[in-house]
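These are my notebook entries on one structure. I set down what I looked up and what I found, topic by topic.

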Amino acid sequence: MKKSVKHIILIASLAFAAIFPAVAQTARRPALAVIITVEGLSGEYLRLLYNQLHPGGFPRLMENGMSLRRLDYGPNVDAAASTAILLTGAAPTVNGIPAAKVYDVTTKLPRPILNDPSTIGNFTDETFSPAPLKVSTVADELRIDTDGAGHAYAVAPYSHQAIIGAGHAGNGGFWINDMTANWASSAYYKEMPAAIRERNYRNGLAQRMDTMKWVPMTDLSLYPGVPEQQRTHPFRNLFPRKDIQRVRRFLASPLANDEITDVAIDLIKETALGKDNETDMIMVGYTVATAGSRSEIIDSYLRLDRDLSRLLAAVDQAAGTGKAIVLLAGLPSTTGSASDDKRWNIPSGLYSVKRANSLLDIQLMAVHGNGDWILGYHDRHFFLNRQLIKDRGLSLQDFRREVADFLARMAGISNVVTIDDIMASRAGDNPEATRRNTSIAHAGDVIIEVSPGWQIVDDGSGRASGVQRHTATDIPAFLTGPGVDRTDIDATVDARTLAPTLSRLLQMRAPNGASLPALNLNKPSKQ
């Protein structure tokens, strides 16, 4: 009788596996999920350099899973906002992160979006936390789903990427302080692994940086399309101690990617990610968003490819070859391009914020009387004195339109919109995308768009922005691992779909702000 029962159970199990093979094969979740972001990543450069890439780097991801040719984050987002979109599945109007820095109308100064005076820093005097992030992230959902047994870390060049990557519930987010070059974190997180502490104490980046140099990693004749002038005079970038901007220049160089890879690998090993029965996660942030020469850009890609190969090899060692879920997604670059040489006669100019404010003040005082009508400017946004406008009995919407009409007549301005236009979906080439990428709590009253070829001189910082370009760029993404078929998607894909897609692969719920469905990861079966 017992044998008959066992036979029946065995036959039923085999029949179930035969009828539902996908369920049987994917019952166990991946041991490790790896999310890699690359600011400034261009599909055009990957295709150009494909034959020079290491098989274990980009080609491994490009040829062994889902390849997305064109990822769309919507307009007017930087690396912080696009990281939040990617990891929450929600736009800034929902997730609360419109940019790395926002304007504080009280202090009349820009401040980091993640600033939280209630916290303290580890190896930094910065006070950051994920509190301003209004929704959950993929890392949060993993921690909740595993009841804290699954670990989640983030390693990135900048604080906003690391903290958004670690989320509210992560074990730790780590970045390079742009003044001291220390590996830093927020005391909001409970962990500061020994690998990072010891790196600061015994092998600090600040002590090593003045011995580093960024020069071509190979013969420039092998770099396609590099002008002869750049080949005969190779670039050479040093980071001497006397240069007060050396850490920031280092963070924009591919040498920062080397450092990030080293720390990520040490973290994977020290915390034994992927070694137990619960799914772990690590987010790694890179950049190729240098505004340098063509030879420097190509060199950045080739160096990143080498780092990617090292990272993926460490992931294989931790979780088993091909057994981890890996998502690599490009982020839009906010670094403007360098100015073209005057000899090419490309139309260009400088838009001075100080001059614009002065002319605007004169006009408004002539019409409405004396007063501080303009509170400030930050990142294309003009902030008006709403209380003064109210006290004078003026219509705020009419006042905004008056300011917009005046600014639109200035040289170098291609378009001006009010926050009312944006909220009513009347602004931009894609009005709905512009609206959802605008956080009303942080937006100015009037927003300008500078003409292509022009630079904004923000007289508060004393620096000019990079040259504005309106050219669309193919931002690729790649997803590999168990349950992902080899597929190429040429159509534009909304970046908000990747968080629910990754969540489905990890067999957990999507972040609570995600509203779009997951992508179909499997090829349609033949009838």
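The entries below cover confidence, cavities, an aromatic pair and three single residues.

**Entry: confidence.** I began with the reliability of the coordinates, as this is a predicted model. The protein chain has a mean pLDDT of 91, and 90% of its residues reach 70 or more. I then looked for stretches of low confidence. Over residues 8–14 the pLDDT stays under 50, and the model shows 0 contacts there beyond four places in sequence. Residues 16–26 likewise stay under 50, with 3 contacts beyond four places in sequence. I draw no local detail from either stretch.

**Entry: largest cavity.** I searched for enclosed space and found 2 cavities of 30 Å³ or more. The largest has a volume of about 50 Å³. Which residues line the largest cavity? I listed Ile-35, Leu-87, Thr-137, Val-138, Ala-139, Ala-152, Tyr-153, Gly-165, Met-281, Ile-282 and Met-283. By class this lining holds 9 nonpolar and 2 polar residues, and no charged ones. I next assigned the lining to secondary structure: α7 (138–145), β6 (152–155) and β11 (280–287) each supply at least two residues. Strand β11 gives the most, with 3 residues.

**Entry: second largest cavity.** The second largest cavity holds about 40 Å³ of space. I found its lining to consist of Asp-72, Tyr-73, Gly-74, Ile-85, Ala-91, Arg-436, Asn-437, Asp-494 and Arg-496. Its class count is 3 nonpolar, 2 polar and 4 charged residues, whereas the lining of the largest cavity has no charged residues.

**Entry: Arg-436.** I followed up one of the charged lining residues of the second largest cavity, Arg-436. Arg-436 is placed in helix α19 (residues 431–436). Is Arg-436 buried or exposed? I recorded a relative accessibility of 15%, so Arg-436 counts as buried, the cut-off being under 20%. Setting aside residues up to four places away in sequence, Arg-436 touches Ala-91, Pro-92, Thr-93, Asp-494 and Arg-496. Ala-91, Asp-494 and Arg-496 also appear in the lining of the second largest cavity.

**Entry: aromatic pair.** A search of the whole structure gave me 10 aromatic pairs. I examined the pair Tyr-103 and Phe-383: the ring centres are 4.6 Å apart and the planes stand at 25 degrees, so this pair is stacked. Tyr-103 lies in strand β3 (residues 101–104) and Phe-383 in strand β15 (residues 381–384), so the pair ties together parts that are 280 residues apart in sequence. I noted that both Tyr-103 and Phe-383 are buried.

**Entry: Ile-176.** I located Ile-176 in strand β7 (residues 172–176). With 2% relative accessibility, Ile-176 counts as buried. I computed its C-alpha distance to Ala-156 as 7.5 Å, with the two positions 20 residues apart in sequence numbering. Beyond residues up to four places away in sequence, Ile-176 touches Ala-156, Pro-157, Ala-181, Asn-182, Trp-183, Leu-205, Leu-251 and Glu-259.

**Entry: Val-315.** I placed Val-315 in helix α14 (residues 294–319). Val-315 also counts as buried, at 2% relative accessibility. What does Val-315 contact, leaving aside its neighbours within four places in sequence? The list I obtained is Leu-32, Val-34, Ile-268, Gly-320 and Ala-324. The C-alpha atoms of Val-315 and Val-326 are 9.3 Å apart in space, and the two residues are 11 residues apart in sequence.

Terms used:
Residues are numbered from 1 along each chain as its sequence is written. This is a predicted model: local features need pLDDT of at least 70, side-chain atom pairs count only at pLDDT 80 or more; totals for chains, interfaces and linings use all residues. Side-chain values use heavy atoms; hydrogens and water are left out. Rings of Phe, Tyr and Trp (its six-membered ring) pair if their centres lie within 6.5 Å; planes under 30 degrees apart count as stacked, over 60 as edge-to-face and the rest as tilted. Helices (H or I, at least four residues) and strands (E, at least two) are DSSP runs, numbered from the N terminus. Buried means under 20% relative accessible area, exposed over 50%, partly exposed in between (1.4 Å probe, protein chains only). On a 1 Å grid over the protein atoms alone, a cavity is a set of points where a 1.4 Å probe fits but cannot get out, and a pocket is an open set with protein on both sides within 12 Å along at least five of seven lines; lining residues have an atom within 4 Å of a point. Grid points are joined across faces, edges and corners, and a volume is the space filled by probe spheres set on the points. Contact means heavy atoms within 4.5 Å. pLDDT is the predictor's confidence in each residue, from 0 to 100.
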